[in-house]
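Please look over the model below with these notes beside you. They go point by point, and each term is explained where it comes up.

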Amino acid sequence: MSIIDKVFKLYKRSSKVVLSAIDQDGYPYTKVVLNVKHKNNINEMYFTTNTSSTFVNLINLNNKTSIYFYNQFLFKGCYMKGEICVCNDLEIKKKYWRNAYKNAYPQKSYKDPDFCVLKFIPISGNYYFMYKKTNFNINN
């Protein structure tokens with residue numbers, strides 16, 4: 001199995017992803033988000049949050065970011081760096097909407113302006129398993 005296949009397998013099984021951005025003072029700002037339900041590959045990765053969040057404000061200033069996902073029981077983890085942006089395409093927002101989100105948004109719909117989908121395009125990463133780390137590049 002290739003390193004990219006291992007990374008994708010871990011990503012598909014991860015329920016949470018840690019996102020980091022750079023704040024105005026140059027320090028990391030980190031938050032945990034739920035992993036979305038549609039995971040097709042690791043060339044484009046999507047996450048949901050609130051448009052009004054601090055994280056979205058920070059990525060609008062600097063779109064360089066990193067993510068980390070893991071399996072705490074098997075001691076597997078993957079760090080990836082890349083660029084992230086707000087995705088305003090209504091079809092994509094509809095795809096990543098969950099009914100469980102209804103209580104968090106006044107319009108109770110993917111059309112709520114505070115419902116935000118983030119699109120992450122990774123450049124490279126580091127996969128860790130069994131005391132071994134493997135660096136890899138993403139060819140988008």
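1. Start with Phe75. Setting aside neighbours within four places in sequence, Phe75 is in contact with Tyr128, Phe129 and Met130. Contact here means heavy atoms within 4.5 Å. Phe75 sits in the loop between strand 4 (64–71) and strand 5 (76–87). Its relative accessible area is 61%, so Phe75 is exposed. The cut-offs are these: buried is under 20% relative accessible area, exposed is over 50%, and partly exposed is in between, with a 1.4 Å probe and protein chains only. Now look across to Asp112. Phe75 and Asp112 are 37 residues apart in sequence and 38 Å apart in space, C-alpha to C-alpha.

2. A word on the source. This is a predicted model, in which local features need pLDDT of at least 70 and side-chain atom pairs count only at pLDDT 80 or more, while totals for chains, interfaces and linings use all residues. Residues are numbered from 1 along each chain as its sequence is written, and side-chain values use heavy atoms, with hydrogens and water left out.

3. Met130, one of the contacts of Phe75, deserves its own look. Met130 has a positive phi of about 55°, although it is not a glycine. It lies in the loop between strand 6 and strand 7 (132–137). At 55% relative accessibility, Met130 counts as exposed.

4. Lys108 also has a positive phi, of about 50°, and it is not a glycine. Find Lys108 in the loop between helix 3 (90–96) and strand 6 (115–129). Is Lys108 buried, partly exposed or exposed? With 44% relative accessibility, it counts as partly exposed.

5. Next, Tyr27. This residue is in the loop between strand 1 (16–22) and strand 2 (28–34). Tyr27 is exposed, at a relative accessible area of 56%. Neighbours within four places in sequence aside, Tyr27 is in contact with Ala21 and Ile22. Lys12 is 15 residues from Tyr27 along the chain, and their C-alpha atoms are separated by 29 Å.

6. How many disulfides does the structure hold? Zero. A disulfide is a pair of cysteine sulfur atoms within 2.5 Å. Cys78 is in none, and the nearest cysteine sulfur, that of Cys85, is 20 Å away. Cys78 is buried, at 0% relative accessibility. Cys85 is in no disulfide either; the nearest cysteine sulfur, that of Cys87, is 6.5 Å away. Cys85 is partly exposed, with a relative accessible area of 38%.

7. Now the whole chain. It has three helices and seven strands. From the N terminus, the order is α-β-β-β-α-β-β-α-β-β. Helices (H or I, at least four residues) and strands (E, at least two) are DSSP runs, numbered from the N terminus. Among contacts between residues at least 6 apart in sequence, 64% join residues at least 24 apart.

8. Finally, overall size. The radius of gyration of the chain is 15 Å, which agrees with the value near 14 Å for a compact globule of 140 residues. That radius is taken over C-alpha atoms, and the globule rule is 2.2 Å times the number of residues to the power 0.38. The C-alpha trace spans about 45 × 35 × 30 Å along its principal axes. Of the 140 residues, 39% count as buried.
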